Amino acid sequence: MTKRTTSPDFFPDRLGRFIGQLRVHEGVTLAQLAHGLCSVSFLNRIENGEREVSKQLADTFFQRLGKSAGKFTHILDWKEFQRWKSRQEIISHLRNGDVRSAERGIQEYVCNSTEVLDQQFARIVEINCRQLSGAGAEELLSSVRDALLLTQPTFLTVPISTLLLSRNEGRLLFAYLRLREQLEGNEAVIQEYHKFLHYFKQERYENWQRTYLSPAIACCIIENDYREGRYSSALAICEDALAELTNAQSLFSYDRLLEWKQMLYDALGKDDRTPEKLLARLRRIQEYAPTSVQPDLLIPCEEIGTVSCLNQVIRDRRRLLGISQESLADGVCTVRALSRIETLGGNVHRKNRKLLLQKLNMSGEQYDGTIITDRYEDYLLVNKMLQSPEAGNREDVGKYLSDLRQRLPATAMNAQFIDSKNAFFKLSLPRDHPERIDVEEFCRRIETAIYHTLPLDLTQIDTWPIGGYSVTASEHNLLITIAYHSSRLNEPDLSLSLLAYLNRCLEKTETSARSYRDVCLLDYFQALLLGDSGRYQESNSLHLNCIKLSLENQDSARLANSIQGLTWNLARQLPCGSCHEKTKLRENVLSSIELLYAAGVISGDVYIQQDAKDLSRMIFGVEQHL
């Protein structure tokens, strides 16, 4: 193993070290992970923290290891941020079916680029453009094969089980099999479909990573088994795929699988219309906020993960914290250099980036996460802590938090994470527990946690400078938490002020860099506050926007939460209005409760299912069911 650099000017990259820890944990060799992407020596330098890793390459490493690429917010330097924006624009052109603009954009993007992932992205765009222009399977097959060979040079000669596939590589392989099926028939690829589906059963694959391809592959196998009369086998695969989607709280191919399940029930002579009823309600939910029709791309294009621009982060954070350019530049760089960074962009030396961000109460890394560490075991400990209450092991949370306090590097962001999670833990304890805290104490502790990185007066938030990159994702979520709980303490003005500030910051953020989760979370909690205040029309509008975003992002959990908000808004209006209005409103409430229960079933949220039953029993005297 290469000896780590010990120079006093060496600032190791934690993201690279984290990737190395994850690789070792998953039992993957350097050669396996680097295969087709970079040299083993280059990956070794990344894992030692000597070389920083680009977002594209980091995403591919994470996905090959079965983990979500959306775990972190990547803080990109000016040049990489511009290239990321270019990719988003090209993807947007494809989704809109604008072939000419996509082709023009990709030509400019790959000009002077020798990076293999850039070349593969260009091939994917070109293949989709040709498909949209009418190219057939025979013409596209060789192009798909060649695009996959760029990063998987052995995929034609080794079993699928031996490959490490990123999301794009998986989609290329699936497209390759589908094209072969069209040209050679189902018999030529059915065994490969089975091997591909089994591939995602490996333990390293997180639920969310499986749901990009696993349900679609399952549908291909189910269709073949149905044609061959193997109904029981097909039903087992169908039910397994639906269970995985429910567990991952994802909607990918959920409607297609429900259709198959009902067809298989009928073929097996089962007198059960449950899948059909659930599908009907899902389609009614989709009518709430119909999405625009997009072309069915052979290889879907999207890039997971939130990004921010380093130069804009430095500028917006400095202004928010009230730090002068002279103070921030002191001991790091000249004031002129800092001004150039903030106004003209340009790349920032790693050492300067770390020092500048640390002076702005951030980690100094090229990523932002819930915790800052280079040990994968720390993330496993966090996951155990978060899962403890659901597993009924609530008392273990305190032990895990104590362990994390000992293990994590002493940064402001880590202190914020531990203090905030400890506050949530103490609030969730049983009422008679001696360590339980009330909502007022909870808010005080969350404010203390925020203060680690934002030492500002929350009551003066109306005067805070506004910037698209002023607050981190963690700070954003904690400010929303304060807003929501402040309303329970009869402080609606503070609640709405906090949400208004976050809204103004999002409006300042470039559209392509806005996080779906940030937008959806903000709209959802603002809708709850407005509903509690009796401003139902405004609240419903925000809930409908959340439903639209949830459907676009295939997120059944947030979908269910927003339908729950709509349902409660309707229910609270029942005592008002004329007799005729009440009759119409009761019909709307019943319809909404039916959809709420269905959303709870689809997302696997038993609390939402129970809420629908309780509402139905309270208002109509009957218990809701499918």
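## Charges and surface

Let's start with the charges: the chain carries 76 positive and 82 negative ones, and the mean positions of these two groups lie 3 Å apart. Keep in mind that this is a predicted model.

What about the outside? The accessible surface of the chain adds up to about 28100 Å², and carbon and sulfur atoms account for 47% of that. As for the inside, 53% of the 626 residues count as buried.

## Overall size and build

Picture a box drawn along the principal axes: the C-alpha atoms of the chain fill roughly 75 × 70 × 50 Å. A compact globule of 626 residues would have a radius of gyration near 25 Å, so the 26 Å of this chain agrees with that expectation.

If you trace the chain through the structure, you'll pass 30 helices and three strands. Contacts also link far-off parts of the sequence: take those between residues at least 6 apart, and 69% of them join residues at least 24 apart.

## A closer look at helix α4

Is helix α4, residues 55-64, mostly covered or mostly open? It's mostly covered, with ten of its ten residues buried. That list includes Leu 57, Ala 58, Phe 61 and Phe 62. Lys 55, Asp 59 and Arg 64 are among the buried residues of α4 too, as are Gln 56, Thr 60 and Gln 63.

Follow the chain a little further and you'll meet Gly 66, just after α4, where phi is positive at about 85 degrees.

Conventions. Residues are numbered from 1 along each chain as its sequence is written. This is a predicted model: local features need pLDDT of at least 70, side-chain atom pairs count only at pLDDT 80 or more; totals for chains, interfaces and linings use all residues. Side-chain values use heavy atoms; hydrogens and water are left out. Helices (H or I, at least four residues) and strands (E, at least two) are DSSP runs, numbered from the N terminus. The radius of gyration is taken over C-alpha atoms; the globule rule is 2.2 Å times the number of residues to the power 0.38. Buried means under 20% relative accessible area, exposed over 50%, partly exposed in between (1.4 Å probe, protein chains only). Contact means heavy atoms within 4.5 Å. Accessible areas come from the Shrake-Rupley method with a 1.4 Å probe; for residues, only the protein chains shown count as cover. Lys and Arg count as positive and Asp and Glu as negative; His and the chain ends are not counted. The place of a charge is taken as NZ of Lys, CZ of Arg, CG of Asp or CD of Glu.
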